Amino acid sequence: MTKWILCLLTAMMLSAATTDGKTEKEVLAALDAYKKALIDRDAATLSKVLSDDLTYTHSSNKQEDKAAVIESLKGPTHTEAIDFKDLKVRLYGNTAVVTGDADFRNNASGTVSLVHLHAIHVFVKNSHGWQMVARQTTRYPDAATTGKK
């Protein structure tokens, strides 16, 4: 009996996170649409890819909802480029968790900075397609402050 329970639990754990090439491409397309919308300051596209109940947390712990993220496109600071690296997509039914690193090049009133982040993006598929419902980033320490090169 113990063997059967162990087999059942193992099967359940293995099926929790699935991979599906087609769905993974759809999720990555939604992430790319988000990226392009930030860079292009495209509020209409950003509005489509962000869920109405979005929780958007910056590496500074500043938290924003969908309206605040879209409003930030009008501000003096804007994203010039985003380079995602080592992305991993995990699917859980109609939910996808995308983890990886990201280099954000931001322009704050003419001053350009590069921020190295680890990011977690959560997407849910609904009648509007894949929409981001949560985002959390953690800043990597600067090499100068850690003594690493």
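The following dialogue examines the terms applied to this predicted model.

Residues are numbered from 1 along each chain as its sequence is written. Local features need pLDDT of at least 70 and side-chain atom pairs 80 or more, whereas totals for chains, interfaces and linings use all residues; side-chain values use heavy atoms, without hydrogens and water.

Colleague: What makes residues 1-14 a stretch of low confidence?

Modeller: pLDDT is the predictor's confidence in each residue, from 0 to 100. Over residues 1-14 it stays under 50, while the chain mean is 88. The model also has zero contacts (heavy atoms within 4.5 Å) beyond four places in sequence for these residues. Where pLDDT is low, the predicted coordinates should not be read in detail.

Colleague: Why are S3 and S4 called paired strands?

Modeller: Strands are DSSP runs of E with at least two residues, and helices are runs of H or I with at least four, numbered from the N terminus. Pairing requires that DSSP find at least two bridges between two strands. S3 and S4 have 13 bridges, in the antiparallel sense, so they satisfy that criterion. Phe84 stands opposite Ala102 in S4.

Colleague: How do you know that S1 and S2 pair?

Modeller: Strand S1 (residues 50-57) and S2 share two bridges, and because at least two are required, the criterion is met. Tyr56 has Glu64 in S2 as its bridge partner.

Colleague: What makes S2 and S3 edge strands?

Modeller: The open sheet has the order S2-S1-S6-S5-S4-S3. Strand S2 (63-64) and strand S3 (77-92) each pair on one side only.
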